Amino acid sequence: MSQSGEKGKFPEAAGYVGFANLPNQVHRKSVKKGFEFTLMVVGESGLGKSTLINSLFLTDLYPERYIPGAAEKIERTVQIEASTVEIEERGVKLRLTVVDTPGYGDAINSQDCFKTIIQYIDNQFERYLHDESGLNRRHIVDNRVHCCFYFISPFGHGLKPLDVEFMKAIHSKVNIVPVIAKADTLTLKERDRLKKRILDEIAEHGIRIYQLPDADSDEDEEFKEQTRILKASIPFSVIGSNQLIEVKGKKIRGRLYPWGVVEVENPEHNDFLKLRTMLVTHMQDLQEVTQDLHYENFRSERLKRPGRSVSYLQCFSLSHTLCLGPVFTSYPPEIMPCIMPFNLPNLSHGHWLNLPQGKHFDTSSTHSYKDALSC
């Protein structure tokens, strides 16, 4: 009886191995672990950034936000405000971090207003690089910016000089998704004309925005059509609202005007649903592009800097198996200059642990380690 029960648990069908179940294992593991995503929103004040984010994720990230007056904005600098919220939907958990940038473009002189934003993006890359080179790499928190919604004013005739300079400064660091704010102020012809103008100026200035990947040939026709529509909708023209309005007996989110109601989730009124669909269906791709392109570019540039300083304790964490033999090929190239000078027969763990915590040495010199040794 026990044998028949075991046969039921372990199928013996001809030609069946079982590795077709691997995707299910990955799925269960991913769902159990949860997901992390960081979204940055950048744009001038009053374009509805906070309202759109609350509409996208059905939450209230900014319950009591202080809005400064005109006098306070004269000399105001850009601030970074990161809000993290745990969202769970059908058993899938998402740790969402929204990075807001109040003060962007508000001051009289906005020439350097985006330096704070660039520094924040680089700092998250630097922190991830440091954690990735540490001893315990199992629970690294990924706070790298995976996507940036850049809000463009609908009241101009295309991009402003500030828009061009900012996107050119960050397009190699983060995935940019251009968004036309307050689309309900535009007629359909004005909206289409503004979209075309923005795309032409983006191409003219060599700005690289996020490109949605093409649908694979084995995908169903519905997904292929969805991808085509999303690509044709860039830049997304959106509206946001947290108000519920009753229309024909149904509660909908929208904006009430004397002439009628603009529905947030009506694709005939704006691109809100398309923007949300793009974000949800391509969230994994946004993370992969961040890892494989933007982070790798930052990492390679960071490690190519001459005279880069490396901590002895950091070297120890990556070379704690050195006493087992000089297996140098298994170490990252940026750590090699740190390990090679210490290829000595009598080197033990104690030599590393007795080093002062603040000691560093210049990897451009293979002899400077002698000055840092304290053992």
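This passage goes through confidence, packing, an internal cavity, salt bridges and backbone geometry in a predicted model.

Confidence comes first. Mean pLDDT for the protein is 76, with 69% of its residues at 70 or more. The weak stretch is residues 309-375, where pLDDT stays under 50. The model does have 88 contacts beyond four places in sequence for that stretch. Still, where pLDDT is low, predicted coordinates should not be read in detail.

Helix 6, spanning residues 161-170, gives a look at the packing. Its buried residues are Leu162, Asp163, Val164, Phe166, Met167 and Ile170. What do they pack against? The partners are strand 1 (35-42), helix 5 (115-132), strand 4 (147-152) and strand 5.

Strand 5 turns up again around the model's internal space. A count of cavities of 30 Å³ or more comes to 1, and the largest cavity holds about 40 Å³ of space. Around it sit Ile176, Val177, Pro178, Tyr210, Leu212, Ile234, Phe236 and Met278. Strand 5 (residues 176-180) supplies the largest share of this lining, with 3 residues. As for chemistry, the lining has 8 nonpolar residues, with no polar and no charged ones.

One of the lining residues, Ile234, also takes part in an unusual bit of backbone. Most peptide bonds are trans, but the one from Ile234 to Pro235 is cis, with omega near -5°. Pro235 belongs to the loop between helix 8 and strand 6 (236-237).

Two lysines stand out for their phi angles. Most residues other than glycine have a negative phi. Lys182, however, has a positive phi near 50°; this residue is in the loop between strand 5 and helix 7 and is partly exposed, at 28% relative accessibility. Lys248 also has a positive phi, near 55°. Its loop runs between strand 7 (244-247) and strand 8 (250-257), and at 85% relative accessibility Lys248 is exposed.

On to charge pairing: side chains of opposite charge can pair when their charged atoms come close. The model has 16 salt bridges. One of them links Asp200 to Lys196, at 3.1 Å from N to O. Where do these two residues sit relative to each other? Both belong to helix 7 (residues 188-204), and because they are 4 residues apart, about one helical turn separates them. Asp200 is partly exposed, with 41% relative accessibility, while Lys196 is exposed at 54%.

Helix 8 (residues 221-232) holds a pair with a comparable layout: Arg228 and Glu225 are 3 residues apart, so about one helical turn lies between them. Their side chains form a salt bridge at 2.5 Å, N to O. Arg228 is partly exposed at 48% relative accessibility, and Glu225 is partly exposed too, with a relative accessible area of 36%.

A further salt bridge joins Glu301 and Lys304, with 3.4 Å between the closest N and O atoms. Glu301 is partly exposed, at 49% relative accessible area, and Lys304 is exposed at 58%. Beyond such pairs, Lys195, Asp271 and Lys274 make up one network, joined by salt bridges that share partners.

Notes
Residues are numbered from 1 along each chain as its sequence is written. This is a predicted model: local features need pLDDT of at least 70, side-chain atom pairs count only at pLDDT 80 or more; totals for chains, interfaces and linings use all residues. Side-chain values use heavy atoms; hydrogens and water are left out. A salt bridge is a side-chain nitrogen of Lys or Arg within 4 Å of a carboxyl oxygen of Asp or Glu. Buried means under 20% relative accessible area, exposed over 50%, partly exposed in between (1.4 Å probe, protein chains only). On a 1 Å grid over the protein atoms alone, a cavity is a set of points where a 1.4 Å probe fits but cannot get out, and a pocket is an open set with protein on both sides within 12 Å along at least five of seven lines; lining residues have an atom within 4 Å of a point. Grid points are joined across faces, edges and corners, and a volume is the space filled by probe spheres set on the points. Ala, Val, Leu, Ile, Met, Phe, Trp, Tyr, Cys and Pro count as nonpolar, Asp, Glu, Lys and Arg as charged, and the others, Gly among them, as polar. pLDDT is the predictor's confidence in each residue, from 0 to 100. Contact means heavy atoms within 4.5 Å.
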